Amino acid sequence: MSQESALALKRRARKINRELAELYPYAHAELDFRNPFELLVATVLSAQTTDIRVNAVTPGLFARFPTPLAMAQASSVELEDIIRPTGFFRAKASNLLALATRLVDEYDGVIPASLADLVTLPGVGRKTANVVLGNAFGVPGITVDTHFMRLAKRFGWTESTDPVRIESDVAALFEPKDWTMLSHRVVFHGRRICHARKPACGACPIAHLCPAYGDGEVDPVKAAKLLKYELAPGQEELLARMQADVANAAQYRQESQLAARTGQASDPVGGHS
Ligand code: SF4
């Protein structure tokens, strides 16, 4: 597909987005949150770890420190202790303290709804700002995380490895109204099928649109075993619930992750990344 024209690329990109929408009608932000502050903090914590691990920590964190003011007054030792399972906990705790303090001092404890303001906050880069804008404020944004970077490259949407350049290359292929959901779908696909080391090409519904088909396992039976989360073998019931009740899919996912944490199910996500 190296000879693909700009128009053909745009058409193929939009087809991928449509097919991913059919595959993941329940795609959503996988970090659990109830307000912009919680999403901002959860996104800061998600650096270098999985959303599952962050979701395990945030209920306790927000029960103890529900507002920027409460968090600004936290002791760093207690904060570090609560967020320890997310890794890099000293740096993250210090970022959260500085972040909460800035929010209180400069924004009256209210999360700003602009990219320009968000990226000035401690520990908040463009990716975090776009997550918060897109999911807490409804402002279209493309979230370029590790999954999105990998898949955008495999799809042939960009040649770049620079997140800002990738964001602008992909933005040029889609209408702004599609950016936020596109980001969720691509990340869902990256976590479930198009893995970093061994993409499950043989079980990939969009293989016919992908120039990187063959980078991973092409045998359908072997590829099916690589699928994760609700697509993993043995997770048919969870998948059926999420498909049948798209509006509550996040809740079903949360319940299945909670069940895994409390030992009620052996492996409801089929592994994670
Ligand atoms: S065909 Fe393979 S590389 Fe392409 S999207 Fe599917 S899993 Fe990923």
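In the predicted model, the span of residues 45–192 is 64% helix and 0% strand, and its end C-alpha atoms lie 22 Å apart. This span coincides with the one that an unreviewed UniProt entry annotates as "domain: HhH-GPD".

The same record, also unreviewed, assigns the feature "binding site" to C194, C201, C204 and C210. These four positions are spread over 17 residues of sequence, yet they cluster in space, the largest C-alpha distance among them being 10.9 Å. In the model, 14 residues surround the ligand, and those that come nearest are C194, P199, C201, C204 and C210. The composition of this shell comprises 11 nonpolar residues, 1 polar residue and 2 charged residues.

Two of the annotated cysteines can be described in further detail. C204 is located in the loop that runs between α11 (179–192) and α12 (220–224), and C210 is likewise found in the loop between α11 and α12. C204 is classed as buried because 24 other C-beta atoms lie within 10 Å, and C210 also counts as buried, since it has 20 C-beta neighbours inside 10 Å, where 20 or more suffice for that class. When neighbours within four places in sequence are left aside, C204 is in contact with I193 and C194, whereas C210, under the equivalent exclusion, is in contact with R154 and F155.

F155 recurs in the description of the largest nonpolar core, which contains 36 residues and in which A152, F155 and A200 touch the most other members. At least two residues of this core are supplied by each of α1 (6–23), α9 (146–154), α10 (163–171), α11 and α13, with α11 giving the most, namely 5 residues. Residues up to four places away in sequence not being counted, A200 touches I193, H195, G216, E217, A223, L226 and L227. A second core, separate from this one and made up of 31 residues, includes V44, F62, M71 and L118.

A contrasting environment is found for A240, which belongs to helix α13 (residues 236–244). A240 counts as exposed because it has 12 C-beta neighbours inside 10 Å, the class being defined by 12 or fewer such atoms. Between A240 and V139, the C-alpha to C-alpha distance is 30 Å, and the two residues are 101 residues apart in sequence.

Definitions and conventions:
Residues numbered from 1 in each chain as written. Predicted model: local features only at pLDDT ≥ 70, side-chain atom pairs only at ≥ 80, totals over all residues. Near = placed C-beta within 6 Å. Nonpolar A, V, L, I, M, F, W, Y, C, P; charged D, E, K, R; others polar. UniProt positions renumbered as here; feature names shortened; annotations may be inferred. Helix = DSSP H or I, 4+ residues; strand = E, 2+ residues; numbered from the N terminus. Contact = placed C-beta atoms within 7 Å. Core = buried A, V, L, I, M, F, W, Y, C linked by C-beta atoms within 7 Å.
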